[in-house]
Amino acid sequence: MLKDGKIYAGRTADGREIGILPSMANRHGFIAGATGTGKTVTLKVLAESFSDLGVPVFLADVKGDLAGMLEPGVDSESMQKRIVKFQLADTGFHYQAYPTEYFDIYGQNGIQLRTTISDMGPVLLSRILGLNDIQSQILSIAFKIADDNQLLLIDTKDLKAMLNWLDDHKADYKQDYGNISGSSVAAITRAIITLEMNGGDIFFGEPALKIQDLFQRSSDGRGVINILDSESLINNPSLYSTFLLWLLSELFEQLPEVGDMEKPKMVFFFDEAHLLFDDAPKELLQKITQVVRLIRSKGIGVYFVTQNPGDIPDDVLSQLGNKIEHGLRAYSPNEQKNVKAAAYSFRPNPAFDTFDTILNLATAEAVVSFLDENGTPQEAEKVSILPPQSKMGAISDDDRQKAIKGSLLYTKYANAYDPDSAYEVLERRSASEAADAEQAAKEAELAKQQAKLEAEKAKQEAAEKKQREKELAAAEKQRQREEARRAKEEEAAARAWEREQAEREEREARARERAAKDLAGSFGRALGGNTGARLARGLMSTLLRY
């Protein structure tokens, strides 16, 4: 509740009322304490007060006992004792319901809450998936290639399609993006499938949460208390903590700078805060520290709820100005060391020993230190925490469903839709590539068949040419044989003719010789004597010459 311009949180033993200045509420804080010491009650009291101040609140309901803020508190003997103890009868304290919105990543106990793979980003998504450094780098490459190619990563099937595409085309991307290990891609895909089995296929999608929808106020001006049902979600600590960090990051990135304000624009309670820091890599811790340090300039107050302040890294703890420490138990030297560290985080009060006080706090008691108007931590005070005005505990399923379906946001986020994103684009590209490959295969087969036909044709033509050459050679050989035969016959005929001619000449010569001899004999006989014989021989020689 509000009193004297402060968020009234508790009362000291001597009757002083201790509270947080609204102008200092965005300087962050923590609520710490062992199980059963009253952290949840304190969270409720603060959330109610911020709502009364007109400041929207976002908180995670890990155990299911914050849902009752929808209904007014129930009077009881113990409540009456606390009302008397805090002298609340004349302060306007009354049981009342608070304006609430219920959200659920799984869409069962609240308005379906979604975000997109692109909005989550590779760093936070790597933590959800439990990736090692190399796998995280491959995931970052996948996001970079998707951005460079205007591919929307909306849901898990988009991311798997992107990874498959990356694996199939890694040779094409090697020069610009480096080596892409197929085994790393397979490991990331397996992690995504595991995430889908744990509800990731429901969480990632459209319509994604619009941050502005968390800044609602009721008709009477009170801030709406946005409750994330986390009873099931807390079973997946990595998803739980990373989602809340994503939400903080979205608030940081989307909201404008506002500087110092009279009151926060929103207060964010991070229950089971140790889950955010457990096994967080250095890069993620740097991001958390940056967000916590700078988000107050956006008008957002962040309050971590955990068992021990030591669960929060020093760089973050130093940013938390408003501190509420419930009782801690110290049964071992290590636990005593933790209590001492918690005590030393407070500005000492000479009236009591902070260490001993923390060890001996009763339920609903706390050591607190809030910032004054100058932003200086006040001295530690031991206080009793106020009782809440709304109902403690769960509500019925019927009341929850009635509240969920009666919300204007229900119709906005109830039905998922699947936009044209990386999966569809890459499916078309793959189909186009497959069609091109099929066409190329057909063309290659056709070219192969054509080449085969041309080879067969060439072979046939070569065979025909060879046959023609063979026939021509045979014909030429036959022609040469015929010519040789004819030449031989002509030569034989010439020789025969020459023989005949020689024989004829020889016969003619013999005939002439006989004729000449006969004529010479006749002439010699006619002349008679030796003279006649001599003349006859001379005549014969002359005749034989011609």
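This section describes helix packing, a pocket, two buried residues and several backbone features in a predicted model.

Three helix pairs were examined. Helix α4, which spans residues 133-148, and helix α5, which spans residues 156-168, have axes that come within 10 Å and cross at roughly 95 degrees. An angle of 65 to 115 degrees counts as roughly perpendicular, and α4 and α5 are therefore placed in that class. On the α4 side, the contact is formed by Ile138, Leu139, Ile141, Ala142, Phe143, Ile145 and Ala146. These residues meet Leu159, Met162, Leu163 and Leu166 of α5. The contact of α4 with α5 comprises 11 nonpolar residues, with no polar and no charged residues.

Helices α3 and α7 are also arranged at an angle of about 95 degrees, and their axes lie 10 Å apart. The pair α3 and α7 is therefore roughly perpendicular as well. From α3, the contributing residues are Met120, Ile128 and Leu129. Helix α7 contributes Ile188, Ala191, Ile192, Leu195 and Phe203. By class, eight nonpolar residues make up the contact of α3 with α7, and neither polar nor charged residues take part.

The third pair consists of α5 and α7, whose axes come within 10 Å and cross at roughly 170 degrees. Because angles over 145 degrees count as roughly antiparallel, α5 is assigned this orientation relative to α7. In α5, the residues involved are Thr156, Lys157, Leu159, Lys160, Leu163 and Asp167. Their partners in α7 are Gly182, Val185, Ile188, Thr189, Ile192, Ile193, Glu196, Gly200 and Asp201. The contact of α5 with α7 includes residues of each class, namely six nonpolar, four polar and five charged. Leu159 and Leu163 of α5 appear in the contact with α4 and again in the contact with α7. Likewise, Ile188 and Ile192 of α7 take part in the contact with α3 and in the contact with α5.

The largest pocket was then considered. Its volume is about 300 Å³. The lining consists of 14 residues, and those nearest the centre are Ser126, Asp133, Ser136, Pro281 and Glu283. At least two lining residues come from each of α3 (117-129), α4 and α10 (282-294). The lining of the largest pocket is mixed in class, with five nonpolar, six polar and three charged residues. Helices α3 and α4 thus recur here as contributors to the pocket lining, in addition to the packing of α3 with α7 and of α4 with α5.

Two buried residues were examined individually. Gly301 is located in strand β10, which covers residues 300-306. Its relative accessibility is 0%, so Gly301 is classed as buried. Beyond its neighbours within four places in sequence, Gly301 contacts Ala25, Asn26, His28, Met266, Val267 and Phe268. Of these partners, Phe268 is 33 residues away from Gly301 along the chain, and the two C-alpha atoms are 6.0 Å apart.

Leu113 is situated in the loop between β7 (111-112) and α3. With a relative accessibility of 1%, Leu113 is likewise buried, because the class applies under 20%. Apart from residues up to four places away in sequence, Leu113 touches Phe103, Asp104, Ile105, Phe203, Leu209, Leu228 and Phe243. Phe203 also belongs to the α7 side of the contact with α3. The C-alpha atom of Leu113 is separated by 49 Å from that of Lys442, which lies 329 residues away along the chain.

Backbone geometry was examined last. Most residues other than glycine have a negative phi, and most peptide bonds are trans. The peptide bond from Glu206 to Pro207 is cis, with omega near 5 degrees. Pro207 falls in the loop between α7 (182-203) and β8 (225-229).

Positive phi values occur at Gln87, where phi is near 55 degrees, and at Glu272, where phi is near 50 degrees. Gln87 lies in the loop between α2 (77-85) and β6 (100-104), and its relative accessible area of 52% places Gln87 among exposed residues. Glu272 occupies the loop between β9 (266-271) and α9 (274-277). The relative accessible area of Glu272 is 25%, so this residue is partly exposed.

Definitions and conventions:
Residues numbered from 1 in each chain as written. Predicted model: local features only at pLDDT ≥ 70, side-chain atom pairs only at ≥ 80, totals over all residues. Heavy atoms only, no water. Axes fitted to C-alpha atoms, helices over the stretch in contact; angles between N-to-C directions. Helix = DSSP H or I, 4+ residues; strand = E, 2+ residues; numbered from the N terminus. Parallel < 35°, antiparallel > 145°, perpendicular 65-115°, else oblique. Contact = heavy atoms within 4.5 Å. Nonpolar A, V, L, I, M, F, W, Y, C, P; charged D, E, K, R; others polar. Buried < 20%, exposed > 50% of the residue type's maximum accessible area, 1.4 Å probe, protein only. 1 Å grid on protein atoms, 1.4 Å probe; cavity = no way out; pocket = protein on both sides within 12 Å on 5 of 7 lines; lining within 4 Å. Points joined across faces, edges and corners; volume = space filled by probe spheres on them.
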